[in-house]
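Please open the model in your viewer and keep the selection tool at hand. The stops below follow one another, each beginning with something to select.

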Amino acid sequence: MAGIGSSLGGGGDKESTSSADTSEKTEQSSSKSKEKSSSSKKVDVPAEYKSALAKAKSYASMMNMSKQGVYDQLTSEAGEQFSAEAAQYAIDNVKADWNKNALEKAKSYATTMDMSKQSVQEQLVSSSGEKFTQEEANYAMGKVKADWKKNALAKAKSYQEDMSMSPDAIRDQLTSSSGEKFTSEEAEYAIQHLND
């Protein structure tokens, strides 16, 4: 009887050992599959997507482009020619301050091109311009520091010197909605100081 009991007991030990082995193996295989899935996520990003992201970072940080501007440049036939999927991945993963980019563009237009406030704002949101959102443009225009009267004067002088225009014609060009879009006050200041 003792032999039967011990053999049964021994059998019981084998069962508990094998079930422990099974659960251990299951844990190992599940942890391996977790490792595989996490490593495959890194590997799964195609080279094209990575290249698109690198380009997006460059355009956003070095050229202060808008989100839409970057996307269009990435997918353009005359630009980078990335697939729409790669470009979207880049846009979704690029870290950029679009408000800051809009402000930098606004500063550039105001200081290097002597543009009017309205012209700068329109250029920021234009679909043939910078393609910033209205909110980003509003942020930029609220923060940009520019002397719009000085810009009007610089434009007036260029019209006088380069195109030999009369003061009245210059005033009209400065305030025209299809021209420079300065305010009447800014244009008047420019005309008054034209020969300073």
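**A tour of buried and paired side chains**

Select Arg-171, which is partly exposed, with a relative accessible area of 25% (buried means under 20% relative accessible area, exposed over 50%, and partly exposed in between, with a 1.4 Å probe and protein chains only). Salt bridges that share partners join Arg-171 with Asp-168 and Glu-188 into one network, a salt bridge being a side-chain nitrogen of Lys or Arg within 4 Å of a carboxyl oxygen of Asp or Glu. Add Glu-188, whose closest N and O atoms with Arg-171 are 3.1 Å apart; Glu-188 lies in helix α10 (residues 184-192) and Arg-171 in helix α9 (residues 167-175), so the pair ties together parts 17 residues apart in sequence.

Before moving on, note that this is a predicted model, in which local features need pLDDT of at least 70 and side-chain atom pairs count only at pLDDT 80 or more, while totals for chains, interfaces and linings use all residues. Residues are numbered from 1 along each chain as its sequence is written, and side-chain values use heavy atoms, with hydrogens and water left out.

Next, select Asn-101 in helix α5 (residues 98-112), where helices are DSSP runs of H or I with at least four residues, numbered from the N terminus. Asn-101 is buried at 4% relative accessibility, and, apart from neighbours within four places in sequence, Asn-101 is in contact (heavy atoms within 4.5 Å) with Ala-60, Asn-64, Met-65 and Phe-132.

Finally, select Glu-104 and Lys-107, which form a salt bridge with closest N and O atoms 3.5 Å apart and lie three residues apart in helix α5, about one turn of the helix.

Key
Helices (H or I, at least four residues) and strands (E, at least two) are DSSP runs, numbered from the N terminus.
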